[in-house]
2 protein chains.
Amino acid sequence: MFKTFEAYLRSKIPVTDEQLRQIEPFYKPRSISKGQIILYINEVSEHACFVVNGCLRSYVIDEKGKEHIIQFAPENWWISEQVSLIDREPSMYFIDAVEDTAYLAIDRAFFAQLHNVVPAAREMMNMLQLYSLRSFQKRLISHLSASGEERYLAFLKTHPSLALRLPQKMIASYLGVTPESLSRIRKELASHG
Amino acid sequence: MFKTFEAYLRSKIPVTDEQLRQIEPFYKPRSISKGQIILYINEVSEHACFVVNGCLRSYVIDEKGKEHIIQFAPENWWISEQVSLIDREPSMYFIDAVEDTAYLAIDRAFFAQLHNVVPAAREMMNMLQLYSLRSFQKRLISHLSASGEERYLAFLKTHPSLALRLPQKMIASYLGVTPESLSRIRKELASHG
DNA sequence: CGTGGAGTTGAATACGATCAACACCGGTGG
DNA sequence: CCACCGGTGTTGATCGTATTCAACTCCACG
């Protein structure tokens with residue numbers, strides 16, 4: 001479990017064994033089963049999650065009781081409510097497990113420690129944030145300009161492996177269409193596509 | 001022009017006159033008229049913008065030739081293509097002037113210098129980024145769960161002054177509805193609302 | 001004046017949502 | 001081992017909301 005995360009860090013920035021040792025106290029392995037909730041809406045988040053195995057997701061529930069999925073986090077992805085974590089504000093969404101999942105719970109203090117120990121990491125974390133911002137912008141644009149079918153095709157292209165392992169209704173929720181509509185979109189694509 | 005920006009910085013973090021003097025070389029005042037383009041799509045952005053007077057916007061043009069507005073930046077707001085600016089990647093969108101606008105063109109090097117001179121600024125800039133991320137998440141959620149009318153009402157609530165000064169078709173583009181639909185939404189609200 | 005862009009209104013259309021019924025599969029307990 | 005059950009996905013029919021296309025008004029600006 002630790003190995004995965006260390007390999008991830010090494011792939012992003014040069015880090016020594018000694019540096020790894022110094023940041024290790026700031027994260028802990030956790031395992032949860034499908035459906036378990038890690039972070040509730042309005043709760044203050046105490047840690048970020050780095051997924052080692054399985055898949056987590058963040059989502060909201062609207063006033064009509066419908067779930068809307070904001071993000072999926074499969075292996076080697078981060079998921080967190082950063083504003084809640086850093087500013088100790090109430091979380092804007094839920095985080096739970098789509099599958100049985102092993103992840104690292106990464107303390108609030110981890111990031112400060114990482115920046116102390118490996119100054120170059122600051123740029124890396126910053127870029128992660130920017131790319132996250134960019135992906136939300138892209139997704140917004142796809143809602144402003146594309147049909148459900150186009151968004152589904154884009155999803156297949158950018159997350160081919162997720163498309164296979166996730167239940168269809170979750171993909172529908174992520175895309176912003178009903179499960180029925182997604183079913184019809186797939187039927188359509190299967191026939192004349 | 002410089003005064004506005006200095007006042008803005010002081011409102012966010014404590015800075016001395018000396019510190020201000022040290023970062024001043026890294027930004028320049030600019031004035032452009034309505035409709036002028038500051039950043040083209042696919043171009044590499046060389047600076048961020050801090051709006052002193054007027055209003056800028058970022059937008060994309062889809063394959064059907066339609067504009068979709070990503071962000072407005074009135075007085076005291078930032079607008080930039082951060083990924084392009086920092087990573088020297090092609091810009092994902094255009095930035096132009098909605099009105100005649102005075103702004104500060106803030107060099108790529110500004111931020112490194114600011115962080116050197118005022119270390120506390122790093123947290124401040126980071127929070128700005130996080131709140132920007134959060135606002136995109138909120139907007140995405142509003143597209144997943146709310147109607148055009150609801151999004152318009154939310155826009156009125158969060159940007160009351162913008163709603164008055166912007167042409168309706170731009171608000172429509174920002175909300176992701178056609179100008180005709182927005183016109184009807186307003187009519188509806190005016191009568192029985 | 002005259003021209004063009006912005007906003008409004010109407011009618012027809014298209015797309016996705018809703019409601020409802022059913023098939024299929026996987027797991028549980030008798 | 002089989003019967004049952006709930007959840008997931010499919011399909012059909014209907015409905016509603018927003019888009020499209022078109023015509024017209026109004027106003028700002030040359």
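1. Which residue of E7(A) does A:Leu39 stand opposite? The partner is A:Ile95. Helices (H or I, at least four residues) and strands (E, at least two) are DSSP runs here, numbered from the N terminus.

2. Before going further, a word on what we're looking at: this is a predicted model, where local features need pLDDT of at least 70, side-chain atom pairs count only at pLDDT 80 or more, and totals for chains, interfaces and linings use all residues. Residues are numbered from 1 along each chain as its sequence is written, while chains are lettered from A and ligands numbered from 1 in the order in which they are written.

3. Back to the sheet in chain A. It's an open one of 4 strands, ordered E2-E7-E4-E5 with antiparallel pairing; two strands pair if DSSP finds at least two bridges between them. Strand E2 (37-39) and strand E5 (67-73) of chain A are the edge strands, each pairing on one side only. On average, neighbouring strands in this sheet are turned by 30° against each other, direction ignored (axes are lines fitted to C-alpha atoms, for helices over the stretch in contact, and angles run from 0 to 180 degrees between N-to-C directions). E2(A) and strand E7 (residues 94-97) of chain A share 2 bridges in the antiparallel sense.

4. Chain B has an open sheet of 4 strands too, in the order E2-E7-E4-E5 and paired antiparallel. Strand E2 (37-39) and E5 of chain B sit at the edges with a single partner strand each, so one side of each has no neighbour in the sheet. Here E2(B) is joined to strand E7 (residues 94-97) of chain B by 2 bridges, running antiparallel. In that pair, B:Ile37 stands opposite B:Asp96.

5. Now the two copies. Chain B superposes on chain A by a rotation of 180° with 0.0 Å of shift along its axis, RMSD 0.0 Å (least squares on the C-alpha atoms of residues with pLDDT of at least 70 in both). The two copies are thus related as by a two-fold rotation axis. The same surface serves both: 100% of the contact residues of chain B recur in chain A.

6. As for the interface itself, 26 residues of chain B are in contact with 26 residues of chain A, contact meaning C-beta atoms, placed from the backbone, within 7 Å. On the chain B side, strand E5 (67-73), helix H3 (82-87) and helix H5 (121-145) give two or more residues each. H5(B) gives the most, with 15 residues. By class, that side divides into 13 nonpolar, 8 polar and 5 charged. For the classes, Ala, Val, Leu, Ile, Met, Phe, Trp, Tyr, Cys and Pro count as nonpolar, Asp, Glu, Lys and Arg as charged, and the others, Gly among them, as polar.

7. On to DNA strand C. There are 16 residues around this strand, and A:Gly148, A:Ser181, B:Gln168, B:Lys169 and B:Ser183 come nearest ("near" is a C-beta atom, placed from the backbone, within 6 Å). Helix H6 (148-158) and H9 of chain A, together with helix H8 (168-175) and H9 of chain B, each supply at least two residues. The largest share, 6 residues, is from H9(B). The surface has 3 nonpolar, 6 polar and 7 charged residues.

8. DNA strand D also has 16 residues around it, with A:Pro167, A:Gln168, A:Lys169, A:Ser183 and B:Ser181 coming nearest. For this strand, H9(A) provides the largest share, 6 residues. The split by class is 3 nonpolar, 6 polar and 7 charged.

Methods
Contact = placed C-beta atoms within 7 Å.
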